[in-house]
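Trainee: I should like to learn how the features of a protein model are read. May we work through one together?

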Amino acid sequence: MDQTFEKRKKVIYDFICDDLYVPMKIKEIAVVLQIPREQRDDLKEVLDTLVEEGKISLSKRGKYSKGHAVHLKGTFQANVRGYGFVHPEDEGEDVFIPEENINGAFQGDEVEFVIVGKTGGRRREGKVVKILSHNITRIVGLYEQSRNFGFVRPDDQRYLRDIYIPAGKENGAMTGHKVVVELTSYGGEHSKPEGKIAEIIGHVNDPGTDILSIVMDRRIPTEFLEKVLNQAVRVGKEVSEADRAGRLDLRDWQMVTIDGEDAKDLDDAVSVNREGDNYRLGVHIADVANYVQENSALDREALNRGTSVYLADRVIPMLPHKLSNGICSLNAGEDRLALSCIMTVSPSGAVVDHQIAETVIRVDRRMSYTGVAKMLDEDSDALRENEEFIPMIQMMKELSDIIRENRGRRGSIDFDFPETKVILDEKGRPTDIKPYERNDATKIIEDFMLLANETVAEEYYWRELPFLYRTHEPPEEEKIRQLSTFINNFGYHIHVHGEVRPKEIQKLLGRVDGTPEEAMISRLALRSMKRARYTPENTGHFGLAARYYTHFTSPIRRYPDLQIHRIIKEDLRGRLNEGRIEHYEKILPEVAAQCSDRERTADEAEREVIKMKKAEYMQQHIGEEYEGVISGVTKWGIYVELPDTVEGLLHVSDMRDDHYEFSEQNYEMVGAHTGRTYKLGQKIRVRVADADKLQRTVSFVTADDPDDN
């Protein structure tokens with residue numbers, strides 16, 4: 001850099017660092033230093049450089065201050081609208097990065113950034129000052145061939161530019177192929193990213209290519225290495241006498257598994273009986289840790305995956321099927337090893353005593369949610385087929401009601417709204433969208449698993465041993481304020497000043513129960529919550545209003561459960577010596593971060609598949625009219641949700657009866673001439689104008705808008 005510029009920097013820096021200096025805007029600095037108007041661009045360049053170097057700071061009001069801006073590190077997440085966010089290393093709240101402050105950062109980059117102020121919503125606002133590393137090296141997209149070169153349109157719209165593919169780097173790809181492109185250059189202000197085709201997934205119209213593209217874009221492994229499969233094969237197929245030694249034998253206890261009809265990995269069994277006025281509830285979990293040894297090839301692969309992934313047309317398991325559907329599955333009539341949490345529950349729902357033990361069990365019957373629900377509804381066929389289990393099933397329902405009521409009294413939030421299930425035909429095309437079944441049987445299992453998770457978490461919290469917890473922080477006040485604005489349109493109210501309590505959300509859900517708007521308000525209330533995550537520290541679970549919570553009940557499909565099973569088993573066997581405690585204290589922060597990250601990736605993949613299949617489904621319904629509810633209002637238009645949970649955008653440019661402007665304060669769109677308003681929660685009749693499967697979007701126009709044709 002030239003010496004003149006460096007001299008200017010020193011003069012300006014010394015001026016701002018003077019003890020008599022007070023924060024000023026650029027015009028004020030120019031006046032005080034008598035800098036001519038025509039040189040103010042030079043002054044701004046100097047000030048911007050000093051801010052980027054962290055030598056001075058710039059406030060939201062545009063004032064420059066002395067003192068070093070603190071340089072922070074984090075991961076940059078781009079947004080399709082040009083701005084982005086940085087997720088800080090310290091796991092604090094995400095920092096908003098406006099488009100002009102991105103400084104060339106690419107989706108997934110590790111960056112250095114500074115805080116420059118706060119947005120109108122009081123979220124921290126920052127500026128990227130340095131790109132530390134590029135984490136994304138491969139991107140999935142649609143290949144298109146031009147005459148002398150090719151390019152890839154990324155599936156993930158957060159990659160804002162196409163990727164240039166030089167001649168000879170297409171690796172056999174042709175127009176219409178979904179591909180994996182390996183980046184060789186990330187581009188710059190005036191150049192596109194560049195890459196070469198690393199893999200052809202399939203043609204865009206081939207069955208299964210669409211979902212596989214999402215899986216590969218999220219870098220979710222689909223195949224197991226040979227050494228991992230070999231280890232799974234070597235695991236025994238039956239429980240031996242040596243395996244049973246030293247375990248609590250519960251094979252004479254009546255117990256059942258209750259799962260969906262198509263479930264293959266049965267990792268939890270339940271038993272209930274009476275002990276005087278109390279209930280004895282047993283939650284028996286497959287002892288996967290007995291077969292997956294720490295740091296083995298199986299274990300390393302399970303940690304890498306973190307979780308099983310459940311998509312519309314497939315399940316990508318955390319462990320090979322040889323284990324998850326074999327010796328680790330609690331199949332009826334077969335001896336199995338388990339880790340059991342046996343709780344004595346009072347008539348008021350309090351756990352007054354408990355035992356955690358390594359056990360050997362034998363499930364008496366495999367039951368389904370549908371079958372148990374029929375028994376509880378006194379279906380004659382179901383009762384006749386399961387006569388010997390009727391007393392226990394009725395007792396389970398009785399205990400479940402008590403546990404749920406007890407949890408409700410303390411303020412636990414029950415988001416009882418239908419999750420979406422997309423029905424596909426044999427070619428992977430969507431034929432219907434319907435809610436997942438949730439009945440009394442699913443609630444029984446949910447209640448029992450939650451109670452076991454809380455009981456185990458509380459035990460190990462007070463034992464002060466290293467452990468993994470499932471924690472959930474209170475929501476941001478701004479998110480609750482937005483929710484409050486929305487529900488006001490329906491005549492509901494929620495307290496928004498200060499820290500919101502779970503009871504407030506619970507009361508709201510109670511008031512909307514059974515109303516037409518229940519599903520939408522429940523979903524928006526859920527969106528206003530923070531993500532739950534795994535942490536070595538116990539900070540409680542806001543949504544469950546629980547002081548102690550962990551994940552104990554699914555070691556086949558969640559690595560955190562497998563990890564804590566190891567700790568529990570070592571503790572039960574008296575092997576948690578100082579060295580092992582130190583070992584777990586060292587590895588658990590990394591395990592927690594990895595599991596939280598892989599869970600987030602799985603959730604994103606599941607969500608993107610559903611969005612894509614919904615858009616594909618709506619392609620069959622273009623031109624049809626629906627009554628929906630306004631679920632979002634932004635400056636670019638209004639989002640409308642249909643009764644089947646499909647959500648689409650009515651763009652402001654397609655609202656042709658007036659010129660509409662967005663009122664940020666009231667979250668509404670207002671017509672400049674007619675005064676007509678569109679508010680959150682308002683019913684609206686729309687027509688499907690377009691649906692784009694690749695972009696996973698649905699577009700609406702108002703039903704009274706004339707056809708363009």
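Mentor: We shall discuss aromatic pairs and then a single threonine. This is a predicted model, in which local features need pLDDT of at least 70, side-chain atom pairs count only at pLDDT 80 or more, and totals for chains, interfaces and linings use all residues. Residues are numbered from 1 along each chain as its sequence is written, and side-chain values use heavy atoms, with hydrogens and water left out.

Trainee: How many aromatic pairs does a search of the whole structure find?

Mentor: A pair of aromatic rings is described by the distance of the centres and the angle of the planes. Rings of Phe, Tyr and Trp (its six-membered ring) pair if their centres lie within 6.5 Å; planes under 30 degrees apart are stacked, over 60 edge-to-face, and the rest tilted. The search finds 13 aromatic pairs. In one of them, tyrosine 461 and tyrosine 548 are tilted, at 5.3 Å centre to centre and 45° between the planes.

Trainee: Which parts does the pair of tyrosine 461 and tyrosine 548 tie together?

Mentor: Tyrosine 461 lies in helix 12 (residues 440–462) and tyrosine 548 in the loop between strand 25 and helix 16 (559–572), so the pair ties together parts 87 residues apart in sequence. Helices (H or I, at least four residues) and strands (E, at least two) are DSSP runs, numbered from the N terminus.

Trainee: Is threonine 535 buried or exposed?

Mentor: Buried means under 20% relative accessible area, exposed over 50%, and partly exposed in between (1.4 Å probe, protein chains only). Threonine 535 is buried, at 7% relative accessibility. Threonine 535 belongs to strand 25 (residues 533–535).
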